[in-house]
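Thanks, everyone, for making the time. I would like to walk through one model this morning, beginning with its ligand site and then moving on to the pockets and two backbone positions.

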Amino acid sequence: MKNKGLLIVYAGASGVGKGTIMKKLLASDSNFRLSVSATTRAPREGEVDGREYYFVSHERFDELIAEDGFLEHAEYVGNKYGTPKAPVFKMLDEGLDVFLEIELKGFLQVKEEYPECVSIFIIPPSFDELKARLTGRGTESDEVIAARLQTAEQELSNQSLFDYVVVNDDVDRAANEVLSIISDIKNNKE
Ligand code: 5GP
């Protein structure tokens, strides 16, 4: 029988560059999968339903909660986000390593439900750098940026809850660090 895959919680402040690192990780190992979350947030330009997220109404989101369809779910800056449970467990059973790109409250629920998960927190080189990236991205209003920065500050102060903290000073370097963390864990498991 195939070994179960690793469940990797992959978190970090909005605008820290998680998505860019994630693309590199997915391209570097065919055993990696990224879980697609459901959200009530509106799609950003270029985002496709079923690829970045399942974009759902608040009503549908609440139905999914009632059906016990989520491994975890949380509210983040006015919108709800959740990890569909069944596909994650199916992939883990198939031996695939599954990344959950989620925020802090969701991570705490996953840790409770699935203590063998590995958690990695991506941080910016500095708070000013984060501010510059979030503003420069141009995808959010000033109000949303301010709320996201406030949440980021709270999340950064909780970084010690994670198993590993990786600084995104350089995308390739940070991606390589994540890869070596995962390969060390897998080598120790064998
Ligand atoms: P964004 O709106 O920028 O795509 O995501 C906002 C925040 O929600 C990010 O920190 C992202 O990692 C987090 N997030 C995305 N999907 C989920 C999810 O399924 N559950 C939780 N708890 N957080 C999520």
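**The ligand, the pockets and two loops**

An oxygen atom of the ligand lies 3.1 Å from a polar backbone atom of Gly82, which I count as a polar contact, meaning a pair of N or O atoms within 3.5 Å. Before going further, let me say that this is a predicted model, in which local features need pLDDT of at least 70 and side-chain atom pairs count only at pLDDT 80 or more, while totals for chains, interfaces and linings use all residues. Residues are numbered from 1 along each chain as its sequence is written, and side-chain values use heavy atoms, with hydrogens and water left out.

Returning to the ligand, there is also an oxygen atom 3.2 Å from a polar backbone atom of Glu101, and an oxygen atom 2.6 Å from an N or O atom in the side chain of Arg41. Of the 510 Å² of accessible area that the ligand has on its own, the protein covers 95%, with areas taken from the Shrake-Rupley method and a 1.4 Å probe.

Which residues make up the shell? There are 16 around the ligand, and the closest are Ser37, Arg41, Tyr53, Tyr81 and Glu103, where a residue is near if one of its heavy atoms lies within 4 Å. By class, the shell has five nonpolar, four polar and seven charged residues, with Tyr counted as nonpolar and Gly as polar. Strands S5 (70–76) and S6 (79–84) each supply at least two residues of this shell; strands here are DSSP runs of E with at least two residues, and helices are runs of H or I with at least four.

The ligand sits in the largest pocket, in the sense that more than half of its atoms lie within 2 Å of the pocket's grid points. A pocket is an open set of points on a 1 Å grid over the protein atoms alone, where a 1.4 Å probe fits, with protein on both sides within 12 Å along at least five of seven lines, and its lining residues have an atom within 4 Å of a point. This pocket has a volume of about 1,200 Å³, that is, the space filled by probe spheres set on the points, which are joined across faces, edges and corners. Its lining comprises 37 residues, with Gly19, Arg44, Glu47, Tyr53 and Glu101 nearest the centre, and the largest share, six residues, comes from H1.

The second largest pocket holds about 180 Å³, and its lining has one nonpolar, four polar and six charged residues.

Finally, the backbone: Asp68, in the loop between helix H2 (58–66) and S5, has a positive phi near 60 degrees, and Val77, in the loop between S5 and S6, has a positive phi near 45 degrees. Most residues other than glycine have a negative phi.

Conventions:
A polar contact is a pair of N or O atoms within 3.5 Å; within protein, one must be able to donate a hydrogen and the other to accept it, and residues adjacent in sequence count only if both atoms are side-chain atoms.
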